Amino acid sequence: MGDFTLELNDEQQSVREWIHGFAADVMRPAAAEWDEREETPWPIIQEAAKIGLYSLDFYAQQFFDPTGLGIPMTMEELFWGDAGIALSIVGTGLAAVGVLANGTEEQIGTWVPQMYGDADDVKVAAFCSSEPDAGSDVGSMRTRAVYDQAKDEWVLNGTKTWATNGGIANVHVVVAVVDPDLGTRGHASFIVPPGTAGLSQGQKFKKHGIRASHTAEVVLEDVRVPGHCLLGGKEKLDERLARARERAKSAEGGERVKNAAMATFEASRPAVGAMAVGTARAAYEYALEYAKGREQFGRPIIDNQGVAFQLADMRTQIDAARLLVWRASWMATAGRPFTSAEGSMSKLFASETAKKVTAQAIQILGGNGYTREYPVERMHRDSAIYTIFEGTSEIQRLVIARTLSGLPIR
Ligand SMILES: Cc1cc2nc3c(=O)[nH]c(=O)nc-3n(C[C@H](O)[C@H](O)[C@H](O)COP(=O)(O)OP(=O)(O)OC[C@H]3O[C@@H](n4cnc5c(N)ncnc54)[C@H](O)[C@@H]3O)c2cc1C
């Protein structure tokens, strides 16, 4: 027998039970209220902070879990509790990862703790990349960052949209164009510190689902940030731009840079897949119990193959989705190359599964499933986000098809 196992180790199991307890006892009972209020659930974030579930330490620990399963396990349990509240809790992590991936040690030490605040004064952070004309097509980004050498400051101008925690964040991480001739290779990320003049919240969106999570436009008007707010530093940026200019001249080199960027996405996409697995599992579990308890024609509705087979399919697809997510998460941690876009595969399958499974759950609950008295209606609305953010399903298919074929399929 080799070492291969799909079982969580003792420590992972106890962490999972701990998160599950918070999800079941604190998040689930509050879910309907915050969905209706469409507001950031600050008291719940604060409760999470008090027990250490909303902290840099906790997420760093899960991120560096040597099996790769720490993050997917955490995401699945939190999103099992409630997707909107969970996104309010993990949204800060998106911005933190932006700093961890590109920042210097000093930048990480300075800014990431300010993203979380502390249990008595919790804060959130936002990662701002998408723009009104640059969603799937990141290369169309227009927000400009121009260096003012005399003052050693960067000046940011543009409009970001769809930013989770945008405008209410303590720290914003903003992606901007520093060299328009280099496409996505001419982008750089900046910290906008708390209270910086010129950054304001634009429209706050009223959404179909994950309504407890704040999503808004972020407007940048002559936002001046000190030189040290460029993630990675000026020297590294200048080197990177010089390399990109050289490589842009050779098709092979350009391809290498593109592959590096793609590897980052492949590594982060399974986390979104795990969120989808959490929502799908929540709806499936609810539907299973309902089908065992609800009687029609003198017997529980699950006695009908038409209902039981739906539940069998739901569970099969959820388990398959989780296995794809775990495989891709393990590959990312083990440094395996994503030769078949396995990260995109996991996000595509899990997000489509969540949409399907939550719709089936509504059907199994009948009229009750269609009302806000029961949670599956909310879970169905919530699940629609997974096929949209962090790359739509169409973009995942494009990435998978290009990776498999080696062709620039459009
Ligand atoms: C609730 C929410 C939270 C978000 N949070 C953040 C955040 O924190 N930070 C951030 O930067 N962004 C965030 N986003 C933005 C999100 O990543 C984008 O919405 C997403 O990338 C899609 O971009 P778009 O909305 O502009 O759609 P578009 O790119 O306009 O796509 C519209 C449709 O066209 C399809 N399409 C586009 N191009 C192709 C193609 N080449 N082939 C086939 N089909 C194509 C798409 O699949 C989609 O179905 C968030 C979005 C939402 C809704």
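**Helices α9 to α12 in a predicted model**

Q: What phi does G406 take just after α12?
A: G406, which comes just after α12, takes a positive phi of about 70°. Helices (H or I, at least four residues) and strands (E, at least two) are DSSP runs numbered from the N terminus. This is a predicted model: local features need pLDDT of at least 70, side-chain atom pairs count only at pLDDT 80 or more, and totals for chains, interfaces and linings use all residues. Residues are numbered from 1 along each chain as its sequence is written.

Q: And how far apart are the end C-alpha atoms of α12?
A: They are 18 Å apart, which agrees with the 18 Å that the 13 residues of α12 (residues 393–405) should span at 1.5 Å a residue (1.5 Å times one less than the number of residues).

Q: Now α9 and α10: at what angle do they cross?
A: The axes of α9 (residues 305–334) and α10 (residues 342–369) cross at roughly 155° and come within 9 Å. That makes α9 roughly antiparallel to α10 (an angle over 145 degrees).

Q: Which residues make that contact?
A: Among them are V307, M314, I318, L324 and M331 of α9, with M345, F349, V357 and I364 of α10. Contact requires C-beta atoms, placed from the backbone, within 7 Å.

Q: How do α10 and α11 cross?
A: The axes of α10 and α11 (residues 375–383) come within 8 Å and cross at roughly 155°. The two helices are therefore roughly antiparallel to each other.

Q: Which residues meet there?
A: Those in α10 include A354, I362 and L365, and those in α11 include V376, M379 and H380.

Q: Switching to residues 126–223: how much is helix and how much strand?
A: The span is 0% helix and 49% strand, and its end C-alpha atoms lie 16 Å apart.

Technical notes: Axes are lines fitted to C-alpha atoms, for helices over the stretch in contact, and angles run from 0 to 180 degrees between N-to-C directions. Angles under 35 degrees count as roughly parallel, over 145 as roughly antiparallel, 65 to 115 as roughly perpendicular and the rest as oblique. Two residues are in contact if their C-beta atoms, placed from the backbone, lie within 7 Å.
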